[in-house]
Amino acid sequence: MSDAGVSGDLAWVFARQRFGMHPGLGRVEALLSRLGEPQRAFRTVLVGGTNGKGSTAASLAAMLRAGGVRAGLFTSPHLTRFTERFVVDGAELPEAEVTAALAQMRPLAEEVGASFFEVITALGALLFRRAGVQVAVMEVGLGGRLDATNALDPVLSVLTNVGLDHTEVLGDTHEAIAREKAGILRAGRPAVTGVALDLLPILRAEGADLWALGQEAELRVQGLGWDGSEVTVASPSGTVTVHTPLLGAHGAANAGLAALAALRLGLSPAAVQAGARAVQWPGRFEVIPWRGTRMLLDGAHNPEGAQAVAAALRALGVEGLPVVFGGAGDKDLAGVAAALRPLASAVVLTRAVLSPRAADPADLADLFPGVPLTVTENPQAALDALAALRAPQALVCGSLYLLGEVRPLLLGESAEDRERWQ
């Protein structure tokens, strides 16, 4: 395929982001049918939740790989490259392979009117079938019941937690959101969860064989500072202790939930331990050295996520640090800022240039009263302002799209130059 063809197909799928999200399974089911039901070629694990589902999914995929299982990992959104969404045995699939499959799918997707996320969900299934994947770990996009990934039939479902996010679609209470997320559970089939105990009755109403942390399974965490945590999971399938490099209590909980899921899939303790050690999940409390500063990158974009980041920083002994902050205008940025403000010695406001949803940095100034502020118009200017502070460590937070533009600048890598909506 020519470069023009590759560019055209990628431009086409990125353009579909503008049409927004349209909950419902009819279009993606029609697309999968036209593709010959690729999702039937492998077993599926669905991983949903408000926060932590990406790191949980990545941990589980690493454990499967360590156990000799050819595992696919489908996640969203990507940070820097579209191909990050499609990983087999720990490696992104080549762009040529992804775009070739996309070109094949395009007329079928247009025929059924599939949305951006419906297209990439079906694309993931098609790619995983072609790659000979045995188990696909699929991160749910939004909610659960009507999310495109729910067109796949999971052998195991994972629900990390329930927080207030996407309330305009899912409802404005934890109970309403829990009902939507519980839609990925299947009656009589295994499921694991870390949701708050008061929401468990909503999940149990689905009839799944559900094991919950704090009831059927026990989680014990020993923090190891900047080295991560030692996590012990005791369950009816046995007890396993793992070391995860994921930072913070929330990272430890995600690793523990992945370990519980792995045990339910029949993986050996040795595979669970090896996978937990090997996991890498960029942009989620990730540490990157830069010009003498320890940069901490986290995509927390809702209050619960920001509270987890703040708690992790305090547990690491960080009492104050500069924060580079920007986020989508349709998020509860006031709640995010409230969690971060007590730890911020200074704030550099900026925006993800490629995200039309990004809030104007000047409009965010009121969220940080009493904190020294610098307002910048792009990530490079934000890093220039940060460098002038000569801080030993700093946090970049508020949006995965912002991280997707900051991270390549820190690493000296190239980045996509495409509008980002989803």
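Where is Glu377 found, in terms of the elements on either side of it? In this model, which I should say at once is a predicted one, Glu377 sits in the loop that runs between β16 (373-375) and α13. With a relative accessibility of 46%, Glu377 counts as partly exposed, because that class covers values between the 20% limit for buried and the 50% limit for exposed. Glu377 also belongs to a surface patch of negative charge, in which it gathers with Asp360, Asp363 and Asp366.

Let me turn next to the backbone, and to two arginines in particular. Arg390 is found in the loop that links α13 (379-389) to β17 (393-397), and its phi is positive, at about 50°, although the residue is not a glycine. Its relative accessible area is 75%, so Arg390 is classed as exposed, the cut-off being over 50%.

Arg291, for its part, is placed in the loop between β12 (284-290) and β13 (293-298), and here too we have a residue other than glycine with a positive phi, near 50°. Arg291 has a relative accessibility of 63%, and therefore counts as exposed.

The last backbone feature I would like to show you concerns a proline. Which form does the peptide bond from Ser76 to Pro77 take, cis or trans? In the model this bond is cis, with an omega near -10°, and Pro77 itself lies in a loop, the one between β2 (71-74) and β3 (86-88).

Notes. Residues numbered from 1 in each chain as written. Predicted model: local features only at pLDDT ≥ 70, side-chain atom pairs only at ≥ 80, totals over all residues. Heavy atoms only, no water. Helix = DSSP H or I, 4+ residues; strand = E, 2+ residues; numbered from the N terminus. Buried < 20%, exposed > 50% of the residue type's maximum accessible area, 1.4 Å probe, protein only. Patch = residues over 30% accessible without salt bridge, like charges linked within 9 Å, V, L, I, M, F, W, Y side chains within 5 Å. Areas by Shrake-Rupley, 256 points an atom, 1.4 Å probe, with all protein chains shown as cover. Salt bridge = Lys/Arg side-chain N within 4 Å of Asp/Glu carboxyl O. Lys, Arg positive; Asp, Glu negative; His and termini not counted. Charge placed at Lys NZ, Arg CZ, Asp CG, Glu CD.
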